[in-house]
Amino acid sequence: MASVQIADVRKAYGSTQVIHGVDIDINDGEFVILVGPSGCGKSTLLRMIAGLENISGGEIRIGPKVVNDVPPKERDIAMVFQNYALYPHMTVADNMAFSMKLRKAPKSEIDERVSKAAQILGLNNLLERYPRQLSGGQRQRVAMGRAIVRDPQVFLFDEPLSNLDAKLRVQMRTEIKELHQRLKTTTVYVTHDQIEAMTMADKIVVMHDGIVEQMGAPLELYDRPNNLFVAGFIGSPAMNMLKGKITAAGFAAENPKGGAGLVWPIGKLPADSDGKAAIYGIRPEHVRLDPEGIKAEVVVIEPTGSETQVVVRCGGQDLTCVFRERITALPGETIGISPDTGVTHLFDAATGKRL
């Protein structure tokens, strides 16, 4: 196992810069997830760690060693790809053993490692099958087994669950996290799914347009997003954002339809903020039913079982709310709502930064 240091790493294709001086420290044994929308540079950064992309600037260390010019096979990493990348003419056992056979490892060591990996992943009864005889989840386990057999310093995962159905993704999330807790191998995992990131990571790195917007523990990013991008990206359903200005009486929201806006309560006014243009953020689950609260028209009700998502319209704006209670109101009717002022967020309208 080893730490990974990414220092001022840049990547350009000709005159087009796609990674802009990224700095990330990954501790030995840590599970770090790079998350962001398509095109943010997360997979490119992972491929640079793996040695599959050249680095235009900066430095990558695996352990104490700078690996900028080290070939992928000498970096002591193992990568699990999105499309599994299994050899169709080889059995499960042969796919898992292939890298060790290339290194001319003794047969006894190969058999021992394949058996151990198969036991960890529940593949013992599938070792003689071919990839075409496996389900998507089983193929992904084989790809993970092939990585485990190598006993690398670092595991790299490139969106490994995106080809699976929803139920299997949840199951594989649990299996990958349990695997990391058992092996304690340094892991760098790329995904566009923020639910995957929140549920699996020790540390999340949120990327956007080739830069790191924020990094930290999952709940740290959820509770205190640094800017509007992170606030809108982390959390599902997404945070409600209202434009307006800060006043002594609260947050005076604009009415985009031209009528009078609403004043929303603020827990604590930021210093020197009276009259400042801002964005008021409130997560759907932090809005509660309150007969004495702000009057809102019900637009859409989406029951999910344990919760009910309700889109309401108030002050000319639509808000998403998540209630644990059963809702008896129908679309078109009016309910009262109140935000939990202890967990509201304020962002500078001009810079998007947290106030």
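**A hairpin, its sheet and a domain contact**

Student: How many residues lie between E11 and E12 in the hairpin that they form?
Tutor: Happy to start there, and please keep in mind that this is a predicted model. E11 and E12 run antiparallel and are joined by four bridges. One of the bridge pairs matches Gly 244 with Ala 253 in E12. In the hairpin, the stretch between E11 and E12 is two residues.

Student: In E14, which residue is the bridge partner of Leu 242?
Tutor: Let's find the strands before the residue. Strand E11 covers residues 240–247 and strand E14 covers residues 277–282, and the two pair in the antiparallel sense over six bridges. Within E14, the partner of Leu 242 is Tyr 280.

Student: Which residue in E13 stands opposite Ala 252?
Tutor: Begin with strand E12, which spans residues 250–253 and pairs with E13 in the antiparallel sense over two bridges. Opposite Ala 252, in E13, stands Val 263.

Student: Which strands stand at the edges of the sheet?
Tutor: Read the strand order from end to end: five strands form an open sheet, E13-E12-E11-E14-E19, with antiparallel pairing. Each edge strand has a single partner strand, so one side of it is left without a neighbour in the sheet. The two edge strands are E13 (263–264) and E19 (345–348).

Student: Which residue does a cis peptide bond join to Ser 236?
Tutor: Good one to look for in your viewer: the loop between H8 and E11 holds a proline, Pro 237. The omega of the cis bond is about -5 degrees. The residue joined to Ser 236 by that bond is Pro 237.

Student: How far apart are the centres of domain 1 and domain 2, taken over C-alpha atoms?
Tutor: The domain assignment gives domain 1 as 4–232 and domain 2 as 238–348. Eight residues from domain 1 and nine residues from domain 2 take part in the contact. Taken over C-alpha atoms, the centres are separated by 39 Å.

Student: Which three residues supply 70% of the area that domain 1 buries against domain 2?
Tutor: Take the whole interface to begin with: the two domains bury about 680 Å² between them, with 61% of that on carbon and sulfur atoms. On the domain 1 side, one trio supplies more than any other three residues. Its members are Tyr 222, Leu 228 and Ala 231.

Student: Which helices each supply at least two residues of the side of domain 1 that touches domain 2?
Tutor: The residues on that side divide into five nonpolar, two polar and one charged. Across the interface there are zero salt bridges, while two residue pairs are in polar contact. The helices you want are H7 (218–223) and H8 (228–233).

Student: What is the phi of Ala 85, which is not a glycine?
Tutor: You will find Ala 85 in the loop between strand E6 (77–80) and helix H2 (92–102). Although Ala 85 is not a glycine, its phi is positive, at about 55 degrees.

Definitions and conventions. Residues numbered from 1 in each chain as written. Predicted model: local features only at pLDDT ≥ 70, side-chain atom pairs only at ≥ 80, totals over all residues. Heavy atoms only, no water. Domains from an automatic or database assignment. Contact = heavy atoms within 4.5 Å. Buried area = accessible area lost by both parts, 1.4 Å probe. Salt bridge = Lys/Arg side-chain N within 4 Å of Asp/Glu carboxyl O. Polar contact = N/O pair within 3.5 Å; in protein donor to acceptor, adjacent residues only side chain to side chain. Nonpolar A, V, L, I, M, F, W, Y, C, P; charged D, E, K, R; others polar. Pairing = 2+ DSSP bridges.
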